[in-house]
Amino acid sequence: MILLEAQSTWTINVLVRILMYLTNTWQEFIESHKLNVYSSQRIELPKPELYVIYTGERKTQPEWLSLADEFFAGDNTFLDVKVKVIYDGEEGDIIHQYVAFTKIYDEQIARYGRTRQAVLEAIRICKDSDVLKDYLESREKEVIDIMTTLFDQEYAVDRYGEEMRAEGRAEGRVEGEVIDVLKQSKATALQMKKKRALGRVHCRSPQCRPSDRASMAFGSPEGAVKLKPFIIRSGYPVDRSIPHPFTTFAGAV
């Protein structure tokens with residue numbers, strides 16, 4: 001059983017991905033052959049061969065990658081996965097042609113962007129250069145459809161990522177504003193509490209006017225008017241029926 005992944009960007013995480021491919025493939029094999037992993041008899045599993053075809057540029061080119069070496073500093077771990085890395089094949093074989101195709105394809109993307117024209121040009125150049133010619137001639141439409149779909153998926157993922165990053169920045173700004181508002185409201189509420197207590201001490205007389213109470217609560221009658229925009233900017237509902245720090249302000253406005 002051969003499991004292979006091709007990649008143009010170097011990442012050691014390919015070891016983890018291939019391990020996941022292997023376990024998933026074995027699970028599918030066990031289920032499709034109705035094998036009993038709880039049986040006392042040993043089950044038969046296909047022997048795996050794990051490969052990575054790397055088509056990018058890299059100064060160092062290790063022949064083998066080891067999960068234990070890369071993730072656990074070469075310690076004697078209970079689990080290891082070894083993957084053979086292929087950088088090119090023999091002249092004219094399928095791997096060599098595939099690597100050539102990816103390089104031509106990358107060149108056309110650099111020239112035309114991720115467009116249908118880049119796909120068509122890559123296919124044309126490969127057929128003229130006898131690179132995967134038979135395959136491309138027999139399945140040209142399928143290749144075009146697949147590559148175009150990949151472009152659409154990558155564009156959608158990129159757009160989604162940009163939107164999520166923008167949304168995260170916006171949420172961060174809003175959260176910061178809310179925290180500032182809460183801090184301000186707490187300080188104002190404490191100040192109002194002191195002033196209302198002072199008002200109760202000094203305004204027990206029936207002749208004490210509402211404007212006097214407002215002056216003691218907000219510092220001046222105009223202060224109550226200035227407070228309303230602050231409440232609205234905070235984003236909280238001005239509802240007297242809700243026990244909220246701002247409802248006192250709303251009731252006074």
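Which residues lie nearest the centre of the largest pocket? They are Tyr-98, Phe-101, Thr-102, Tyr-105 and Met-147. Welcome to this structure, which is a predicted model. The protein chain has 253 residues, and 25% of them are buried. Below is a friendly tour, topic by topic.

**Overall layout**

- The secondary structure of the protein chain comes to nine helices and four strands.
- Reading from the N terminus, you meet the elements in the order β-α-β-β-α-β-α-α-α-α-α-α-α.
- Some elements to look for as you read on are strand S1 at residues 2-7, helix H1 at residues 14-32, and helix H4 at residues 116-128.

**The largest pocket**

- The space in the largest pocket is about 680 Å³.
- Its lining is made by 21 residues.
- Four elements each supply at least two residues of this lining: strand S1 (2-7), helix H3 (94-112), helix H5 (133-138) and helix H6 (140-202).
- Helix H3 provides the largest share of the lining, with seven residues.
- Sorted by class, the lining has 14 nonpolar residues, four polar ones and three charged ones.

**A nonpolar patch on the surface**

- Val-16, Met-20, Tyr-21, Phe-71 and Phe-72 together make a nonpolar surface patch of about 430 Å².
- Helix H1 gives the most to this patch, contributing three residues.
- Tyr-21, one of the patch residues, lies in helix H1.
- Tyr-21 is partly exposed, with a relative accessible area of 35%.

**Salt bridges**

The count of salt bridges comes to seven. Three of the pairs are described here, each with its setting.

*Glu-5 and Arg-17*

- Glu-5 forms a salt bridge with Arg-17, and their closest N and O atoms are 2.4 Å apart.
- Because Glu-5 sits in strand S1 and Arg-17 in helix H1, the pair ties together parts that are 12 residues apart in sequence.
- Is each partner buried or partly exposed? Glu-5 is buried, at 11% relative accessible area, while Arg-17 is partly exposed, at 27%.

*Glu-63 and Lys-84*

- A second salt bridge joins the side chains of Glu-63 and Lys-84, at 2.7 Å from N to O.
- Glu-63 is found in the loop between strand S2 (49-54) and strand S3 (64-66), and Lys-84 in strand S4 (residues 82-86), so this pair ties together parts that are 21 residues apart in sequence.
- Glu-63 counts as partly exposed, with 46% relative accessibility.
- Lys-84 also counts as partly exposed, with 23% relative accessibility.

*Arg-124 and Glu-121*

- The side chains of Arg-124 and Glu-121 meet in a salt bridge of 2.9 Å, N to O.
- Both of these residues lie in helix H4, three residues apart, which is about one turn of the helix.
- Arg-124 is partly exposed, with a relative accessible area of 40%, whereas Glu-121 is buried, with 18%.
- Glu-121, Arg-124 and Asp-128 are joined into one network by salt bridges that share partners.

**Two residues with positive phi**

Here is some background for the next points. Most residues other than glycine have a negative phi.

- Ala-73 has a phi near 55°, a positive value in a residue other than glycine.
- Where is Ala-73 placed? The residue is in the loop between helix H2 (67-71) and strand S4.
- Ala-73 is exposed, with a relative accessible area of 68%.
- Leu-132 has a phi near 50°, again a positive value in a residue other than glycine.
- The place of Leu-132 is the loop between helices H4 and H5.
- Is Leu-132 buried or exposed? Leu-132 is buried, because its relative accessible area is 13% and the cut-off for buried is under 20%.

**Points to revisit in the 3D view**

- For the pocket, start at helix H3, the source of the largest share of the lining.
- For the patch, look at helix H1, which gives three residues.
- Helix H1 also holds Arg-17, the partner of Glu-5 from strand S1.
- For the network, find Glu-121, Arg-124 and Asp-128.
- For positive phi values, compare the loop that holds Ala-73 with the loop that holds Leu-132.

Terms used:
Residues are numbered from 1 along each chain as its sequence is written. This is a predicted model: local features need pLDDT of at least 70, side-chain atom pairs count only at pLDDT 80 or more; totals for chains, interfaces and linings use all residues. Side-chain values use heavy atoms; hydrogens and water are left out. On a 1 Å grid over the protein atoms alone, a cavity is a set of points where a 1.4 Å probe fits but cannot get out, and a pocket is an open set with protein on both sides within 12 Å along at least five of seven lines; lining residues have an atom within 4 Å of a point. Grid points are joined across faces, edges and corners, and a volume is the space filled by probe spheres set on the points. Ala, Val, Leu, Ile, Met, Phe, Trp, Tyr, Cys and Pro count as nonpolar, Asp, Glu, Lys and Arg as charged, and the others, Gly among them, as polar. Patches are made of residues with over 30% relative accessible area and no salt bridge: like charges are joined within 9 Å, nonpolar side chains (Val, Leu, Ile, Met, Phe, Trp, Tyr) within 5 Å. Accessible areas come from the Shrake-Rupley method with a 1.4 Å probe; for residues, only the protein chains shown count as cover. A salt bridge is a side-chain nitrogen of Lys or Arg within 4 Å of a carboxyl oxygen of Asp or Glu. Buried means under 20% relative accessible area, exposed over 50%, partly exposed in between (1.4 Å probe, protein chains only).
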